[in-house]
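Welcome! Open the structure in your viewer and keep the selection tool at hand. We will go from stop to stop, choosing something to select each time.

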Amino acid sequence: MSKPPIALEERRSEDARLFSPSAGRNKSDIAAALSGILPIGASVLEIGSGTGEHGIESVTQRPDLKWQFSDPDKTSRASQLAWSELSLNEFPKPLSLDMSDETSRAQITAQYDAIFSANMIHIAPISALHGLADLAAQALVDSGKMILYGPFLRGEASAPSNLAFDASLKRRNSAWGVRDLDAVKHIFAKRGFNVAKLRDMPKNNFILDLSRV
Ligand SMILES: C[S@@+](CC[C@H](N)C(=O)[O-])C[C@H]1O[C@@H](n2cnc3c(N)ncnc32)[C@H](O)[C@@H]1O
C-alpha cells in the first residue's frame, strides 16, 4: 500500500529545507500566540513538526525556549535539521515520533513544559490523537501545557470552510477528518487536562491550550 501524503500543499525546497506556503503565512501569528502562553525558558516538544518553520519562528521570537522537533517522516526531519543548522539558536536532533505507535512514544523519558502540535490530528487516524493525549499525560510536568493549533468542528457553529475541509479530508482518507472540539477536550480531560482555553486564529483556525491546573 502506498504511504499517504504528508502535506496537502505543494512545498518548495532549498537544500534539505522545505518551505510550506501555509506555515509561511501563519508562523508569525502562531509564534506570537505561543510566546504569550509559554513560560520563560520552557522546554517544548513539537509533534508532527513538518517543515520545522513553526519551531524556528517560535525560537526566533523567544530565544529562551528549548525546542525539540519530531516527525515520523524522514524528509520532514531532514528539513527540521537543515533549518536548525542555519539557526542562531541551538536545537537537539529531531526525533522520529509516531503518536499512533506506543513503542515510539515510549522513547520519550524526559519531562517537558509544553507539547505543541499544529495541523496533525486531522491528517492522522484518531489513534494519533489518543496517543498524543497519552503522551501529554506521560511527558508533561504537572503545570505543563498541551497546545494544539488547527481547525476544529464546533457543531452548528462550525465554519463552512472547516466543514468543507473535513469532507475533503475524508474523501482522501476515511480515517482523517477535522476533529470535534468538545470530543478533543474530552479526550484530554480523561487524562487530567481539565482546563481548556480556546483562542481564535486567522482563517477559522484555533489554538487550544490544555492544562491540568
Ligand atoms: C499537515 S502536516 C503539518 C506540519 C506542521 N505541523 C504544520 O502545521 O505546518 C502534518 C504532519 O503530521 C505528521 N504526522 C502524521 N501522522 C502522524 C503521527 N501519527 N504522529 C506524529 N506525527 C504525524 C506528518 O508527517 C506531517 O509532518
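**Stop one: Val44 and the core**

Select Val44 first and show its surroundings: leaving out residues up to four places away in sequence, Val44 touches Leu38, Leu65, Lys66, Trp67, Gln68, Tyr112, Asp113, Ala114 and Phe116. Bear in mind as you look around that this is a predicted model.

Now widen the selection to the largest nonpolar core, which has 46 residues. Val44, Ile115, Leu132, Ala136, Met146 and Phe188 are the members that touch the most others. At least two residues of this core come from each of helix H1 (21-37), S3, H2, strand S5 (112-118), helix H5 (126-139), strand S6 (140-150), helix H7 (181-189) and strand S8 (205-211). Colour H5 if you like, since H5 supplies the largest share, six residues. In soluble globular proteins, nonpolar side chains tend to be buried together.

**Stop two: around the ligand**

Next, select the ligand. There are 22 residues around it, and Gly48, Gly50, Met99, Ala118 and Asn119 come nearest. This shell is made up of twelve nonpolar, seven polar and three charged residues.

Pick Gly50 from that group. Gly50 sits in the loop between strand S3 (43-47) and helix H2 (53-61). Is Gly50 buried or exposed? Gly50 counts as buried because 25 other C-beta atoms lie within 10 Å, and the cut-off for buried is 20 or more. For a sense of distance, add Ile37: Gly50 and Ile37 are 13 residues apart in sequence, and their C-alpha atoms are 22 Å apart in space.

**Stop three: helix H3**

Select residues 74-86, which form helix H3. At 1.5 Å a residue, its 13 residues should span 18 Å, and the end C-alpha atoms are 19 Å apart, which agrees. Highlight Ser76, Arg77, Ser79, Gln80, Trp83 and Ser84, the buried residues of H3. Look down the axis of H3: these buried residues fall within an arc of 155 degrees, so they line one face of the helix. They pack against S2 and H2. On the other side of H3, you will find Lys74, Glu85 and Leu86 exposed.

**Stop four: two loops**

Finish with Asp15, in the loop between strand S1 (12-14) and strand S2 (17-19). Asp15 is not a glycine, yet its phi is positive, about 45 degrees. Asp15 is exposed, with 11 other C-beta atoms within 10 Å.

Then jump to Lys203, in the loop between strand S7 (195-201) and S8. Lys203 is also a residue other than glycine with a positive phi, near 60 degrees. Lys203 is exposed, with 12 other C-beta atoms within 10 Å.

Terms used: Residues numbered from 1 in each chain as written. Predicted model: local features only at pLDDT ≥ 70, side-chain atom pairs only at ≥ 80, totals over all residues. Near = placed C-beta within 6 Å. Nonpolar A, V, L, I, M, F, W, Y, C, P; charged D, E, K, R; others polar. Helix = DSSP H or I, 4+ residues; strand = E, 2+ residues; numbered from the N terminus. Core = buried A, V, L, I, M, F, W, Y, C linked by C-beta atoms within 7 Å. Contact = placed C-beta atoms within 7 Å. Expected span 1.5 Å × (residues − 1). Arc of directions from axis to C-beta.
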